[in-house]
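Got a few minutes to look over a protein chain together? Here is a short briefing to read alongside the picture.

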Amino acid sequence: MTMIFGVPLAVLSGQLLIGVINGAFYALLSLGLAVIFGLLKIINFAHGAMYMLGAMATVILFDALGVNYWVALFLAPLLVGVFGMLVEYFLLRRIAGQDHIYSLLLTFGIALLVQGVLTNLYGVSGLRYAMPDMFKGGINLGFMFLPYYRAWVIGVALLVCFGTWFMIEKTKLGAYLRAGTEDAQLMQGFGVNVPLLVSLTYGFGVMLAAFAGVLAAPIYSVTPVMGSHILIVVFAVVVIGGMGSIGGAIITGVLMGVIEGLTKTFYPPASSAVIFLVMVVVLMVRPTGLFGKEA
Amino acid sequence: MTMMKKLLTSAVASALMVGGAQADISDNTIKIGYLADMSGTYRDLAGPNGLAALNMAVEDFGGKVNGAKIEVVSADDRNSPDVASSTVRRWLENDDVDLVAGLVASSVSIAVSDILEENDKLGIVSGSAASSITNEHCTPNHIHYVYDTYPLANGTASAVVKEGGKSWFILTADYAFGHALESDVTRVVEANGGEVIGTLRHPFPTPDFSSFILQAQASGADVVALANAGADTTNAINTASEFGITQSGQTLAALLLFLTDVHALGVEAAQGIQLTTGWYWDMNDETRAWSDRFMEKTGVRPTMVHAGIYSSTLQYLKAVEATGSDDAQTVRKHMMETPINDMFAKNGRIRADGRMVHDMYLAEVKTPAESKSEWDLYKILRTIPADEAYRPLSESKCPLVSSK
């Protein structure tokens with residue numbers, strides 16, 4: 001058997017694939033953060049909470065109303081998106097134009113509130129959510145057993161990432177968005193409803209987080225604190241990619257998944273630190289991040 | 001002038017307190033401080049419902065012991081030894097707290113035990129797992145109730161090896177508790193003729209276990225053991241079932257599982273898993289009666305930690321009642337001399353190292369067909385007698401034992 005640094009090639013291929021799957025997940029989450037920061041200049045510390053709300057909504061909708069996975073895939077992000085727009089309209093709007101630290105503190109506070117209320121209602125042990133029947137089982141790839149659900153996650157996550165990038169960078173709507181945040185007054189003068197555009201952008205960003213939450217529901221423990229763990233990692237991904245760079249967030253997300261996966265194979269205890277190590281190195285060499293525009 | 005007066009009064013007051021402590025209850029109040037994780041990872045296994053269990057014991061005494069009022073205060077330690085230390089210091093030094101109860105994260109319990117010893121006050125650890133709490137870290141000021149890593153390894157690992165699981169791969173949470181469990185398990189596996197062919201230390205917490213499960217699968221071991229807790233364990237079990245660990249012929253052994261974890265996993269995902277527990281709500285009429293009372297207050301069934309918090313508080317109050325004192329050493333001595341017989345334990349006893357030893361149980365999670373209701377989760381396979389379950393005093397590193 002071919003060995004690479006003492007690890008059989010078959011095992012390594014499996015780990016690489018797992019890395020790409022987790023990377024797709026990171027990409028989806030950091031994409032929403034990058035959209036919100038890139039277009040609105042809001043440091044959204046509530047992003048983890050929105051991810052958690054997406055997952056919790058999936059479980060609660062199923063338990064209370066019998067809403068199935070496929071419907072939840074649309075409905076849960078929509079509900080969370082509306083919640084996000086309300087947050088933007090009633091709270092974030094009031095501190096627009098202030099220093100970044102204000103939006104950071106406000107969104108962090110919102111995250112703690114949402115997390116606290118749900119912890120009181122549902123506890124922290126986790127809610128049960130059964131894997132949809134059609135995803136049960138998996139396929140033997142020769143070098144590893146790939147559960148169908150993981151294959152679905154990687155496909156749909158990358159599709160959504162690409163779609164979002166395309167919409168913002170290549171379409172007229174995206175151009176409006178970018179122009180609206182560049183010079184709001186001018187766009188207003190052209191008859192574009194900028195405040196609505198801002199609400200929609202924030203709503204869309206948190207919808208992406210909630211969508212990742214729905215994808216997570218069948219495979220991870222759904223608890224009110226699930227978002228707080230992942231938030232910091234995702235922030236590191238965005239910083240490495242370059243704050244606000246949408247393509248950068250996607251590529252970095254996948255890349256970090258792979259690097260983390262390799263660390264999990266060669267030296268597991270460092271696997272939660274490796275992303276931050278990369279972040280430190282990148283910030284020293286390129287303070288604007290891998291794909292960030294020079295300030 | 002006022003400064004001088006203050007100094008004098010406090011000197012007189014403390015002289016009175018020191019003098020009176022041996023014989024009676026200081027300031028005619030028994031104050032219990034409940035310290036636990038009230039909002040984080042360990043909330044459900046103790047947390048606010050543990051406080052409810054503690055209050056049930058206070059209720060049983062009618063809120064008074066020997067005419068002295070029983071007062072309960074509580075705080076969230078946020079699983080941080082720093083937060084816990086400053087809270088307990090304030091409680092003991094300024095607020096006249098007599099007993100610190102709850103105590104969940106092992107790191108918190110170890111930090112708090114030092115402060116208890118400094119102030120010569122009593123603490124009862126109900127939620128922590130590390131067996132070092134009454135071994136290297138033993139003090140004359142704390143008691144460890146409910147369970148620890150030693151019987152967890154003993155109960156589950158020896159049962160699985162005897163069923164033919166000879167080669168083991170251990171997934172360990174990379175901190176004190178995980179390391180303690182890993183070494184206890186390795187000892188038991190090897191003593192029973194098995195072999196540990198691989199260990200993997202994962203960061204705490206780990207949200208995604210797929211990479212680790214894949215490595216465990218590739219190891220070809222008979223048994224994949226989880227030396228972790230809480231969300232790490234439930235995540236690992238879910239991922240293991242997704243990647244078909246058991247279908248490929250490997251056995252999954254979870255070394256620390258609480259009722260709340262199994263409830264969260266559901267019998268579908270958790271069926272057949274063997275675990276060691278210090279108590280189960282559905283064992284006999286006594287446990288069921290108490291659990292009904294608990295459920296009325298909290299809406300859920302109690303974990304072994306909830307039951308232990310109730311039982312240990314009850315035993316403490318009984319000792320205060322019998323000795324008429326709230327002095328830590330007087331009360332602890334009485335508790336050590338009195339066998340524990342209540343709905344939690346039969347013939348339990350507190351040893352010189354502070355370890356409360358009692359029978360433990362090897363349980364198996366029921367199948368969906370066997371489980372009749374939401375909380376009908378375990379069947380008890382075997383009772384592990386107290387002396388077989390816990391670390392024998394002859395192996396103890398606690399200085400209190402050798403000086404005995």
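Helices here are DSSP runs of H or I with at least four residues, numbered from the N terminus. With that in hand, look just past helix α6(B): it is followed by G193(B), whose phi is positive, near 90°. Keep in mind that this is a predicted model.

**The whole chain**
- Chain B contains 14 helices and 15 strands.
- Its radius of gyration is 22 Å, close to the 22 Å that the globule rule gives for 404 residues, so chain B is as compact as a globular protein of that length.
- If you boxed up the C-alpha atoms of chain B along the principal axes, you'd need roughly 80 × 40 × 35 Å.
- Of the 404 residues in chain B, 56% are buried.
- Take the contacts in chain B with a separation of 6 or more: 72% of them come from residues 24 or more positions apart.

**The annotated domain**
- An unreviewed UniProt entry puts the feature "domain: Leucine-binding protein" at residues 29-366 of chain B.
- Over residues 29-366, chain B is 44% helix and 20% strand.
- The end C-alpha atoms of that stretch are 46 Å apart.

**Helix α6**
- Does the length of α6(B) add up, and what should its 16 residues span? At 1.5 Å a residue, residues 176-191 of chain B should span 22 Å, and the end C-alpha atoms are 23 Å apart, which agrees.
- Plenty of names turn up on the buried list for α6(B), including F177(B), L181(B), V185(B) and V189(B).
- An α-helix has 3.6 residues a turn, so residues three or four places apart point the same way.
- What do the buried residues of α6(B) pack against? Their partners in chain B are the helices α4 (106-119) and α5 (149-162), plus the strands β7 (167-173), β8 (195-202) and β9 (223-227).

**A three-stranded sheet**
- In chain B, three strands line up in the order β11-β14-β15 to make an open sheet with antiparallel pairing.
- β11 (274-277) and β15 (378-384) of chain B are the edge strands, each with a single partner, so one side of each has no neighbour in the sheet.
- Neighbouring strands of this sheet are turned by 30° against each other on average, direction ignored.
- How many bridges join β11(B) to β14 of chain B? There are four, and β14 covers residues 360-365.
- Across that pairing, L275(B) stands opposite A363(B) in β14(B).

Terms used. Residues are numbered from 1 along each chain as its sequence is written. Chains are lettered from A and ligands numbered from 1 in the order in which they are written. This is a predicted model: local features need pLDDT of at least 70, side-chain atom pairs count only at pLDDT 80 or more; totals for chains, interfaces and linings use all residues. UniProt positions are given in the numbering used here, feature names are shortened, and annotations may be inferred rather than shown by experiment. Helices (H or I, at least four residues) and strands (E, at least two) are DSSP runs, numbered from the N terminus. Two strands pair if DSSP finds at least two bridges between them. Axes are lines fitted to C-alpha atoms, for helices over the stretch in contact, and angles run from 0 to 180 degrees between N-to-C directions. The expected span of a helix is 1.5 Å times one less than its number of residues. A residue is buried if 20 or more other C-beta atoms lie within 10 Å of its own, exposed if 12 or fewer, and partly exposed in between; C-beta atoms are placed from the backbone. Two residues are in contact if their C-beta atoms, placed from the backbone, lie within 7 Å. The radius of gyration is taken over C-alpha atoms; the globule rule is 2.2 Å times the number of residues to the power 0.38.
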